[in-house]
Amino acid sequence: MRTIGVVVNPIAGMGGRVGLKGTDERVAEARDRGAEARAPERATAALRALADVTNAAGVADATNAADGADITLLTYGGEMGESEAREAGFTPTVVGHPEDAETTAADTRDAVRGFVERGVDLVLFVGGDGTATDVATTLDEAGVDEAGSNTPMLGVPAGVKVYSSVFARTPRDAGRIAATFERTERREVNDIDEDAYREGEVRAALKAVATVPVAEALQSGKQRTTGSVETLAAGFAADAEAGVTYLFGPGGTVGAIERELGIAGSPLGVDVWRDGDLLVRDGSEAELLDALGERNIVVVSPIGGQGFVLGRGNQQLSPAVVRQCDLSVVASPAKLAATGVLHVDTGDTELDADLRGWIGVRTGRHTSQLVRIE
């Protein structure tokens with residue numbers, strides 16, 4: 001018997017596509033900008049994958065066709081888990097409900113405490129690094145079992161920033177891991193100061209060390225790598241084409257290209273540039289779409305150690321934007337060596353499938369390296 005507690009932060013990631021780079025304390029502003037919730041649909045995708053693996057859609061306790069295990073699903077009320085579980089075909093046991101229509105971190109912590117009291121084997125949460133911190137610290141407060149471990153936790157990535165190494169690469173990966181994992185290990189939970197992040201500075205801090213399932217489809221924590229990008233930036237700038245609209249993603253490598261082109265860009269936002277003019281600085285999804293031209297190129301660099309080029313920290317580059325653009329990936333040799341394969345998680349499974357395969361990553365003035373997007 002495997003009992004899984006599911007909690008969803010329904011506002012996680014809302015600020016991404018409208019350029020807020022996070023939703024902490026900014027929910028009203030995100031909604032004013034037209035933001036839509038993305039966490040519920042990602043939660044449902046994860047739970048459908050869980051149902052597929054266990055062959056348990058439509059029941060709360062069901063035989064897993066793969067290994068004979070039973071799954072019992074516990075959730076928090078409404079959009080914090082119950083609604084998504086029912087949409088995926090489960091009939092969950094609800095351990096509590098949020099006090100107000102606007103959910104809070106206190107609701108997440110209350111849900112986790114309810115799961116621990118009922119002896120769950122895994123807490124499957126949906127959110128970003130802030131939600132991961134809430135879950136991990138609550139599990140720490142609950143103490144350890146006879147083997148000296150906390151209740152395991154696993155994240156479905158839905159936040160703007162997902163730097164911690166407690167998340168699966170995609171929602172479907174999370175569902176499959178939740179159903180099939182056999183071992184656990186200790187991994188880091190990190191979060192950053194969102195106000196500093198919006199001003200272009202990354203201040204990451206270790207918040208907890210959590211027990212997490214062992215699985216190949218877990219993402220790594222963000223790493224900082226060294227390696228000169230000056231020649232890469234000079235080569236890219238020299239090859240910039242007239243009439244082409246360039247969308248420059250966040251990060252230091254892409255920022256070096258912008259500086260070489262004389263662009264006063266946003267360090268952690270998405271900028272649009274064409275023929276020497278900065279058309280949009282730190283744009284939202286809607287602003288990027290409005291600025292597109294006849295030919296468009298998205299320029300991104302993988303997150304060091306994780307390998308994500310789309311879907312982490314650049315949700316403004318939505319499926320609607322990416323479908324109208326060519327993809328250009330740039331990275332120093334040192335960064336690429338530390339990163340390995342690349343990943344995408346746009347929220348559109350068909351687009352992700354189209355993007356997977358081999359891509360040439362520019363590594364210098366005239367050099368590139370074939371790397372696989374998985």
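Which residues of H5 are buried? In this helix, Asp129, Thr131, Ala132, Thr133, Asp134, Val135, Ala136, Thr138 and Leu139 are buried, where buried means under 20% relative accessible area with a 1.4 Å probe and protein chains only. The model is predicted, so local features need pLDDT of at least 70 and side-chain atom pairs pLDDT 80 or more, while totals for chains, interfaces and linings use all residues. Residues are numbered from 1 along each chain, and side-chain values use heavy atoms, without hydrogens or water.

H5 covers residues 129-142; helices here are DSSP runs of H or I with at least four residues, and strands are E runs of at least two. Right after H5 comes Gly143, with a positive phi near 90°.

Now to the interior. The largest nonpolar core (buried Ala, Val, Leu, Ile, Met, Phe, Trp, Tyr and Cys joined through side-chain atoms within 4.5 Å) has 52 residues, and Met153 is among those with the most contacts inside it. Beyond its neighbours within four places in sequence, Met153 is in contact (heavy atoms within 4.5 Å) with residues including Ala132, Val135, Ala136 and Leu139, as well as Phe125.

Phe125 also belongs to an aromatic pair with Phe167. Rings of Phe, Tyr and Trp (its six-membered ring) pair if their centres lie within 6.5 Å; planes under 30 degrees apart are stacked, over 60 edge-to-face, and the rest tilted. Here are two such pairs.

| Pair | Centre to centre | Plane angle | Class |
|---|---|---|---|
| Phe125 and Phe167 | 5.3 Å | 65° | edge-to-face |
| Phe236 and Phe248 | 6.3 Å | 65° | edge-to-face |

Phe125 lies in strand S5, and Phe167 in the loop between strand S6 and helix H6. Phe236 and Phe248 form one aromatic cluster with Tyr246 and Trp273.

Definitions and conventions:
Expected span 1.5 Å × (residues − 1). Buried < 20%, exposed > 50% of the residue type's maximum accessible area, 1.4 Å probe, protein only.
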